[in-house]
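Colleague: I should be grateful for a close look at a single part of this model, chosen as you see fit, with an account of what surrounds it.

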Amino acid sequence: MRAVVQRVSQASVSVDGRVVGAIEGPGLLVLVGVTHDDGPEKARRLASKLWGLRILEGEKSCSDVNAPLLVVSQFTLYGDARKGRRPSWTAAAPGPVAEPLVDAVVRELRALGAKAETGEFGADMKVALVNDGPITLILDV
């Protein structure tokens, strides 16, 4: 699994003009991509890493200050544009494989005590955010 993690002061996801997920205050926007060999254990590891990642103000984690997370599925994180001008998406897992694993990340976060909001899998999502710092990390688990 791959995640792009951004420290934000606010973030939201809209589908067809309606907000489907939003967070306020210090928190994390997490774009999650799934590849073919990912499974539930990687979802658990990613959730644990996100919950404890010390990138909030004062080197605090979401678990330290009960900060919210907005998790958005993002198959394009596994795009490969090394050849030509059109990215290949072959490394991205298909929807029936990826959706349950993105959902598992959210479930695991909530089980840890996190307030976790989501986008809408497979939808044409509009993501808005105010990047705080800016701080952006790429995590591979």
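Modeller: A polar contact is a pair of N or O atoms within 3.5 Å; within protein, one atom must be able to donate a hydrogen and the other to accept it, and residues adjacent in sequence count only if both atoms are side-chain atoms. The model is predicted, so local features need pLDDT of at least 70 and side-chain atom pairs count only at pLDDT 80 or more, whereas totals for chains, interfaces and linings use all residues. Residues are numbered from 1 along each chain as its sequence is written, and side-chain values use heavy atoms, with hydrogens and water left out.

I have chosen helix 1, which comprises residues 40-52. Helices (H or I, at least four residues) and strands (E, at least two) are DSSP runs numbered from the N terminus. Helix 1 has 13 residues, and at 1.5 Å a residue it should span 18 Å; the expected span is 1.5 Å times one less than the number of residues. In the model, the end C-alpha atoms of helix 1 are 19 Å apart, which agrees with that expectation.

The next matter is which side of the helix faces inward. Ala43, Leu46, Ala47, Leu50 and Trp51 are the buried residues of helix 1, where buried means under 20% relative accessible area, exposed over 50%, and partly exposed in between (1.4 Å probe, protein chains only). Viewed along the axis of helix 1, these buried residues fall within an arc of 130°, so they line one face of the helix. The arc is that of the directions from the helix axis to the C-beta atoms. The cover over the buried residues of helix 1 includes strand 1 (2-15), strand 2 (18-33), helix 2 (62-65), strand 3, helix 3 (95-112) and strand 5 (125-140). A residue from several of these covering elements can now be taken in turn.

Arginine 2 belongs to strand 1. Although 44 residues separate arginine 2 from leucine 46 in sequence, their C-alpha atoms are 8.5 Å apart in space. With a relative accessibility of 25%, arginine 2 counts as partly exposed. Apart from residues up to four places away in sequence, arginine 2 touches Leu31, Val32, Gly33, Leu77, Tyr78, Ile138, Leu139 and Asp140, contact being heavy atoms within 4.5 Å. Two of these partners also make polar contacts with the arginine. The side chain of arginine 2 reaches the backbone oxygen of leucine 77 at 2.9 Å, and a polar contact of 2.8 Å joins the side chains of arginine 2 and aspartate 140.

From helix 3 comes leucine 101. The C-alpha atoms of leucine 101 and lysine 42 lie 8.6 Å from one another, with their positions 59 residues apart along the chain. Leucine 101 is buried, because its relative accessibility is 8%. Beyond four places in sequence, leucine 101 touches Met1, Val34, Asp38, Gly39, Pro40 and Ala43; of these, Ala43 is among the buried residues of helix 1.

Strand 3 (residues 69-73) contains serine 73. Serine 73 counts as buried, because its relative accessibility is 15%. The contacts of serine 73, with neighbours within four places in sequence left aside, are Val32, Val102, Phe121, Gly122 and Met125.

Strand 5 contributes proline 134. A cis peptide bond, with omega of about -10°, joins glycine 133 to this proline 134.

The loops on either side of helix 1 complete the view. Ahead of the helix, threonine 35 lies in the loop between strand 2 and helix 1. Threonine 35 is buried, with a relative accessible area of 14%. Its contacts, leaving aside neighbours within four places in sequence, are Tyr78, Ala91 and Ala93. The side chain of threonine 35 comes to 2.5 Å from the backbone oxygen of alanine 91.

After the helix, glutamate 59 is found in the loop between helix 1 and helix 2. This glutamate 59 is exposed, with a relative accessible area of 53%, and its phi is positive, about 55°, although it is not a glycine. Asparagine 66, in the loop between helix 2 and strand 3, also has a positive phi of about 55° without being a glycine. Asparagine 66 counts as exposed, at 53% relative accessibility. As background, most residues other than glycine have a negative phi, and most peptide bonds are trans.
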